[in-house]
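Colleague: Could you take me through some of the charged pairs in this protein, step by step, as you would for someone new to reading structures?

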Amino acid sequence: MDEQDIAESVGIPNLKDDVATSLAQDVEYRIHEIVQEAMKFMRHGKRTKLTVDDINNALRVRNVEPLYGFSSADPTRFRRTTVGSSATGTTELFFVEDEELDFETILSAPLPKVPLDVTYTAHWLAIEGVQPAIPQNPTPIDAKADLFNKRIKLDPSSTATQPVIPGIKPGSNGALNNAANPTNNQQANNASGSNGAEIKPLVKHVLSKELQMYYERIVSAVLSQDEVLRATGISSLQNDPGLHQLLPYFVQLVAEKVTQNTRNLPVLESMMAMVRAILDNDNLFVEPYLHQLMPTILTCVVGKRLGESPQEDHWSLRSTATDILLLICNKYGASYHTLQPRVTRTLLRAFLDPEKPLTTHYGAILGLTRMGNEVFKTLVVPNLKTYSTIIESELLADGQDREGSFMEIEGDVASTIRKNEASHCLEALLIGLRALIRSETEKQKYVTKDIPTAEGLREPLSVAIGPLLARNLLREEATQQNLAGVVEVIETC
């Protein structure tokens with residue numbers, strides 16, 4: 001086999017002759033070099049037969065990977081002979097007999113099996129403290145058996161009547177306390193008894209006492225009325241690097257608190273602050289828990305009623321939740337391509353549903369506005385004319401058509417609340433329109449185009465987005481300086 005055949009066998013066709021000659025010379029030099037090094041090991045070993053081990057030692061000296069699958073396993077056989085004559089005396093001499101090989105036998109013998117290549121496989125040993133059930137990992141039964149055998153070796157006097165469970169002391173009648181609610185398991189512990197039955201812990205990994213205490217302190221601090229204590233707890237969540245095991249419990253706590261306390265505004269604000277701190281902590285791997293966090297965040301964005309009274313400042317909570325929603329989309333949108341489209345679809349559905357209250361519309365408008373000018377231009381602007389009539393009807397309603405003084409007072413309060421909600425929706429739409437107009441004006445900066453005056457744009461803008469929004473936009477000085485963007489909004493509708 002010449003150089004061309006070897007080159008073709010490794011996928012290099014049409015090797016040039018001068019290149020093949022140079023490679024052959026270099027290979028010959030390298031082989032001579034390795035053989036010379038191997039002969040040094042042979043001579044130091046007082047041998048005259050070169051072995052595979054000598055070649056491997058020479059390769060190691062040259063920092064080359066040794067041969068695998070070949071070894072000189074045959075034991076060295078010595079023969080005894082006498083040297084000298086009867087006159088001078090004879091001495092025994094032991095030497096290694098060189099085996100005589102028959103070439104015909106060697107050539108007719110079958111070729112040895114090709115040694116297998118070294119391969120590597122990777123698998124997850126544990127993900128977030130939980131061991132996946134794959135064939136490469138030991139099963140829980142095997143792990144318990146190994147632990148039980150180790151316990152017997154350490155304490156031969158112990159009996160095998162009660163199984164050893166990770167996280168449970170032998171002889172105790174309790175399971176590991178659940179960190180999300182460390183006191184809920186006491187009744188189950190008392191009922192389980194110590195009759196040798198197997199008790200399964202309620203968590204998949206054992207939490208240390210220190211982590212349980214840290215969890216309880218953080219939860220009490222975040223839900224505390226003391227602003228200093230609350231800020232300290234949030235700061236710890238934001239910067240502490242050792243919270244991997246507690247992350248699922250914090251996520252579960254947020255989901256439970258938001259679901260059970262939609263009328264408690266301080267609790268909702270504390271939970272959103274906790275979520276923001278968890279997301280800001282670069283040491284935590286939050287991606288596996290996004291599907292649990294997103295519903296709670298969306299609840300605080302488009303929830304029908306947040307807080308005990310509609311007059312409470314739930315607007316700031318919706319704004320904070322919207323910022324968190326945008327942070328998640330920006331941070332994990334590249335990894336999960338359907339994340340932002342699904343969130344946008346949810347917000348758009350809430351915005352276009354006339355049966356939803358204005359508070360829900362406000363959260364949806366705020367979210368779509370902060371998703372970017374393109375989202376607002378594509379999804380919100382074409383629907384502004386229809387939605388403008390809804391807001392205008394709420395702002396013009398006086399609530400004076402009810403009979404009786406009590407009903408009139410109640411109607412006035414309800415009308416004031418509705419007007420306040422409509423005003424917030426109007427302001428959210430104006431914020432999005434201002435940003436869009438500025439952006440479109442910047443795009444048209446170098447485009448020569450005749451731009452009508454503000455009065456000339458009043459009528460077409462009213463037809464495009466409704467009279468209410470048109471009046472509020474054109475009365476602002478900033479809008480009159482960006483009329484090119486107004487023209488683009490009209491063309492979009």
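Modeller: What follows is a short exchange about a predicted model, with its salt bridges as the main topic.

Colleague: How many salt bridges does the structure hold?

Modeller: Side chains of opposite charge can pair when their charged atoms come close. Counted over this predicted model, the number of salt bridges is 14.

Colleague: Is E33 buried or exposed?

Modeller: The side chain of E33 meets that of R30 in a salt bridge of 3.5 Å, N to O, and both residues lie in helix α2, 3 residues apart, which is about one turn of the helix. R30 has a relative accessibility of 43% and so counts as partly exposed. For E33 the relative accessibility is 16%, and because buried means under 20%, E33 counts as buried.

Colleague: Which parts of the chain does the pair of E37 and R62 tie together?

Modeller: The side chains of E37 and R62 meet in a salt bridge of 3.0 Å, N to O. E37 lies in helix α2, whereas R62 lies in a loop, so the pair ties together parts that are 25 residues apart in sequence. The parts are therefore helix α2 and the loop between α3 and β1.

Colleague: Which residues are linked with E37 in a network of salt bridges?

Modeller: The pairs of E33 with R30 and of E37 with R62 have already been described. These four residues belong to one network of salt bridges, whose members are D26, R30, E33, E37, K40 and R62.

Conventions: Residues numbered from 1 in each chain as written. Predicted model: local features only at pLDDT ≥ 70, side-chain atom pairs only at ≥ 80, totals over all residues. Heavy atoms only, no water. Helix = DSSP H or I, 4+ residues; strand = E, 2+ residues; numbered from the N terminus. Buried < 20%, exposed > 50% of the residue type's maximum accessible area, 1.4 Å probe, protein only.
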